[in-house]
Amino acid sequence: MAQFGFENDIHSILKLDMPITNAPMARWQRKASSSAMSSLSPMKASNASQNSSKTPSKTPGKGKKVTPSKMGGDRYIPYRNSKQMDIASFLLAKENESGDAKTPGASESQKALSVQLNGYNIEDAKILHLGGKPLNAPEGYQNNLKVLYSQATTPASVKKNRFISSTPDRILDAPDLRNDFYLNLLDWSSRNFLAVALHDSVYLWDASRGDIILLMKMAHEEDYICSLSWTKEGNYLAVGTSDCKVQLWDVENQKRLRSMASHTARVSSLSWNDHVLSSGSRSGHIHHHDVRMADHHITTLNAHSQEVCGLTWSPDGKYLASGGNDNLVCVWPRVQDGSISNDSQTVRCWSEHQGAVKALAWCPWQANILASGGGTSDRHIRIWNVNSGSCISSLDTQSQISSLVFAPNYKELVSAHGYAHNNVVIWKYPSFSKVAELNGHEDRVLSLTMSPDCTTVASVAGDETIRLWKSFELDPLKKKRTESGPQKILPE
């Protein structure tokens, strides 16, 4: 019996029905307690552990104002190359040492040896090396500091493009106008009179008042007007005719002052330089006339083999440019006062054009720059530097060029075209980016001329119309004109 009582005592001790108070915590108990504590947050109910596995209904932080973080901080941390730092330390210690001055030959040899060993000159070693690009500010970040300088263009600093109307400001009828590419039948005076040749007659249109005046008419019906040119003052008009003469008219008194005969063919181009009138003929000759003298013919220029259809003096009166049906562009020097010569040498002569050169224009703000335009076989605008003799730029317009004129208000170049576009084009100079196309003529445009205030260009075409394009008006805020009264084109 004693033996059975002892076994019962052993079994009762080994039973695990009751927890062992002093025993360490079991592994599964430690794991369960740690997961329960991590799922519970302070000041929350115990049922939060049940919702911890669910996806939050709202994005954390949404709806709250977030202050943008500073990109890059405010510390400057340079990049230091260990090799460069060692060399720099050596150089700093070397400066403190006292020694004899080195000879130039020794220093050069040491420099060459340093380049071979290190790949660079040790004397040029850098202590600090700056690398990398600056960080950009985060999107939406605003700096309250005042910006003194900025490379980015603000809306206020962006220049607005002006409005250029696609329709002419005015259209004038030009009946019986000769549709001849080589003639120059239109010119605008400094007194605001527009002269146009209609077959055998010359008409004046007063742009200020709108009046039309018949200035002259040829005596014979078979004769016709070939060219027109105003003096700088605008009180005299030179008229070239098909009967080989040059007439000079006093516009104010509507009186012919003289008729000068020297050419052997029609006079198709004219240009003034003070008291000297230059005329180009179908014979290829250019004559200089001193209108103050009874013996007016003072010089003959021989370079063209065919008709001289383009002729213009530079604004400073230093050079005369001529263009001919022989595809040549020639530049001539100024005639000396009182000199009479039968021949003269050209300053420049270019033969790059492949068509007749009627369109010639001097740049008003660059005295040595000449623009020329070729006919149907060429169709190029070329810019020449008279001083160097080089062609600065060339542009293929894909159309016959009959006239060129510079617009100084916006530093632009205007070209008139025949086949195949029959329009007027405004180019930005010198980039030759197209500003606008002025369409409306139903036939080839024959000539262009600029108003005295340089705000309007007039074009005459084979469709017997003259169209005024007011495309170069200045900013109205900069004008000093009164609002009352009719608007005039006369310069102030």
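This tour moves through a predicted model, one selection at a time.

**First stop: strand β23**

Select residues 412-417, which form strand β23. Six of the six residues in this strand are buried, so β23 is largely enclosed by the rest of the structure. Display the side chains next: E412, V414 and A416 point one way, while L413, S415 and H417 point the other way. In a regular strand the side chains alternate between the two faces of the sheet.

**Second stop: the partners of β23**

Add residues 401-407, which make up strand β22. β22 and β23 pair in the antiparallel sense over six bridges. Which residue of β23 is the bridge partner of F406? It is L413. Four residues lie between the two strands of this hairpin, and K411 there takes a positive phi near 55°.

Now add residues 424-428, strand β24. Here too the pairing with β23 is antiparallel, over five bridges. To locate the pairing, select S415 together with V425, its bridge partner in β24. The hairpin of β23 and β24 has six residues between its strands, and N422 in the turn shows a positive phi of about 55°.

**Third stop: the salt bridge at E412**

Return to E412 and select R162 with it; the two form a salt bridge in which the closest N and O atoms are 2.8 Å apart. R162 sits in the loop between α5 (104-118) and β1, whereas E412 belongs to strand β23, so the pair ties together parts that are 250 residues apart in sequence. Is each partner buried or exposed? E412 is buried, with a relative accessible area of 2%, and R162 counts as partly exposed at 24%.

**Fourth stop: D180 and its surroundings**

Select D180, in the loop between β1 (170-173) and β2 (186-188). D180 counts as buried because its relative accessibility is 15%, below the 20% limit for that class. Beyond its neighbours within four places in sequence, D180 is in contact with R266, R444 and L446. The side chains of D180 and R266 are joined by a polar contact of 3.2 Å. Select G462 as well: D180 and G462 are 282 residues apart in sequence, yet 8.2 Å apart in space, C-alpha to C-alpha.

**Fifth stop: further salt bridges**

The structure holds nine salt bridges. One of them is found by selecting R282 and E307, whose side chains meet at 3.8 Å, N to O. This pair links distant parts of the chain, with R282 in the loop between β11 (276-281) and β12 (285-290) and E307 in the loop between β13 (297-302) and β14. R282 is partly exposed, with a relative accessible area of 48%, whereas E307 is buried at 6%.

Another salt bridge joins E437 and K434, at 2.7 Å from N to O. Salt bridges that share partners also join D180, R266, R282 and E307 into one network.

**Last stop: an open sheet and an annotated repeat**

Select β14, β15, β16 and β17, which form an open sheet in that order with antiparallel pairing. Its edge strands are β14 (308-313) and β17 (348-350), each pairing on one side only. Neighbouring strands of the sheet are turned by 15° against each other on average, direction ignored. Within the sheet, β14 and β15 (residues 319-324) pair over five bridges, and T312 stands opposite A321.

Finally, select residues 301-332, one of the spans that an unreviewed UniProt entry records as "repeat: WD". This span is 0% helix and 56% strand, and its end C-alpha atoms are 9 Å apart.

Notes:
Residues are numbered from 1 along each chain as its sequence is written. This is a predicted model: local features need pLDDT of at least 70, side-chain atom pairs count only at pLDDT 80 or more; totals for chains, interfaces and linings use all residues. Side-chain values use heavy atoms; hydrogens and water are left out. Buried means under 20% relative accessible area, exposed over 50%, partly exposed in between (1.4 Å probe, protein chains only). Two strands pair if DSSP finds at least two bridges between them. Axes are lines fitted to C-alpha atoms, for helices over the stretch in contact, and angles run from 0 to 180 degrees between N-to-C directions. UniProt positions are given in the numbering used here, feature names are shortened, and annotations may be inferred rather than shown by experiment. Contact means heavy atoms within 4.5 Å. A polar contact is a pair of N or O atoms within 3.5 Å; within protein, one must be able to donate a hydrogen and the other to accept it, and residues adjacent in sequence count only if both atoms are side-chain atoms. A salt bridge is a side-chain nitrogen of Lys or Arg within 4 Å of a carboxyl oxygen of Asp or Glu.
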